[in-house]
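Reader: I would like to go through this structure by question and answer. Please keep each reply short and finish it on what was asked.

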Amino acid sequence: MKIILSGVTGLIGKKLVAALLPDHELVVVGRNSTRARSTLKSHEITFVAWSDPVDTLAAHFKDCDAVINLAGAGIADKPWTDARRQELISSRLDPVYHLACLLASAGEKPKVVIQASATGYYGQNKEDGITEEHPNGEGFLAEITEMWEGAATEFNRITDRIVILRTGIVLDAEGGALPQMIKPFRFYAGGPIGNGQQWISWIHIEDVVRAILFLMHQPDSNGPYNLTSPEPVRQSFLARSIGHQLGKPSWLPAPAFALRLALGKNMANELLLGGARVLPQKLMQAGFTFAHPEVSNALREILK
């Protein structure tokens, strides 16, 4: 297959590209093709930039079979100032519109478009199991993901199949949330965040990549899919599991008030102190089998 990819220099993208490379023709598009080439380190990939002439981009996109768009600035990388909020929104919406417009003007009709989103779509502090049928929640994360998925309807002009990836907290040793989570434990200061009762809907990086490949090749996959383990856990259980795997104590809590002071109330509440029990109902109904469904075993494999 010929696959157009955007936003693949991050944690998920790098692992996904490595999995796709042996069997597919890849075209990676982004703001900086030199940086992408340096990050992905492959001579088998075609790298192009949004600033390239339209005719050049159209030529590289010709006869594409699939589009995978993961582009979006890191939600937890910087405080949520007004300027940062706007950057988070534009970094998600602009690539969607660029891809949709360019492919439509070039007359390309890929079989599937796979578009990133996040479990933040559902909002926070939900006790019931949340499936893909649940409505949009409240808060900045819910707002930004609703806008993200709304923009993705532009792809209806070029394909009959749009797969939305509502991804949870991705666990991997090389990036994402886990390296930040384990830092306090290495200094014997690890423990629950706030009261520790918030739900963590997590997924092993290997299962993220496997799920994307699975959905890309499933001809009837369409709409939103929760990319989370079938066994979400309380944050306190995750903290104990990390401490056990590292051989470190896990009893020292991070007080909610301190996190709100450090990050701001909204960012702390939505990213660290709130949670939702999100379940991968559609993915499992489609026949996907998780390699790492249970968090203790997942952490053992990651931190070995």
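The exchange below covers a sheet, the helices on it, an aromatic pair and a pocket.

Reader: In what order do the strands of the open sheet of seven strands run?

Author: This is a predicted model. The seven strands form an open sheet, and their pairing is parallel. The twist from one strand to the next averages 20°. The order is E3-E2-E1-E4-E5-E7-E11.

Reader: Which strands stand at the edges of the sheet?

Author: An edge strand here has a single partner strand, so one of its sides is left without a neighbour in the sheet. That applies to residues 46-49 and to residues 223-227. The edge strands are E3 and E11.

Reader: Which residue in E3 is the bridge partner of Val28?

Author: Strand E2 covers residues 25-30 and runs parallel to E3. Four bridges join E2 to E3. In E3, Val28 has as its bridge partner Phe47.

Reader: What angle does the direction of helix H1 make with that of E1?

Author: Helix H1, residues 11-20, packs on the sheet. H1 touches E1 (2-6), E2, E4 (66-69) and E7 (162-167). Between the directions of H1 and E1 the angle is about 170°.

Reader: At what angle to E11 does H7 run?

Author: Helix H7 lies across E1, E4, E5 (112-118), E7 and E11. Relative to E11, the angle of H7 is about 155°.

Reader: How many residues apart in sequence are the parts tied together by the pair of Phe214 and Phe288?

Author: A search of the whole structure gives four aromatic pairs. One of them joins Phe214 and Phe288 edge-to-face, at 5.5 Å centre to centre and with 65° between the planes. Phe214 is in helix H7 and Phe288 is in the loop between H11 (281-285) and H12, so the pair links parts whose separation in sequence is 74 residues.

Reader: Which helix gives the most to the lining of the second largest pocket?

Author: The second largest pocket has a volume of about 190 Å³. Helices H7 (205-217) and H12 (295-302) each supply at least two residues of its lining. With four residues, the helix that gives the most is H7.

Reader: How many charged residues are in the lining of the second largest pocket?

Author: The lining includes Lys15, Asp172, Glu174 and Arg210. By class, four lining residues are nonpolar and one is polar. The number of charged residues is six.

Notes:
Residues are numbered from 1 along each chain as its sequence is written. This is a predicted model: local features need pLDDT of at least 70, side-chain atom pairs count only at pLDDT 80 or more; totals for chains, interfaces and linings use all residues. Side-chain values use heavy atoms; hydrogens and water are left out. On a 1 Å grid over the protein atoms alone, a cavity is a set of points where a 1.4 Å probe fits but cannot get out, and a pocket is an open set with protein on both sides within 12 Å along at least five of seven lines; lining residues have an atom within 4 Å of a point. Grid points are joined across faces, edges and corners, and a volume is the space filled by probe spheres set on the points. Ala, Val, Leu, Ile, Met, Phe, Trp, Tyr, Cys and Pro count as nonpolar, Asp, Glu, Lys and Arg as charged, and the others, Gly among them, as polar. Two strands pair if DSSP finds at least two bridges between them. Axes are lines fitted to C-alpha atoms, for helices over the stretch in contact, and angles run from 0 to 180 degrees between N-to-C directions. Contact means heavy atoms within 4.5 Å. Rings of Phe, Tyr and Trp (its six-membered ring) pair if their centres lie within 6.5 Å; planes under 30 degrees apart count as stacked, over 60 as edge-to-face and the rest as tilted.
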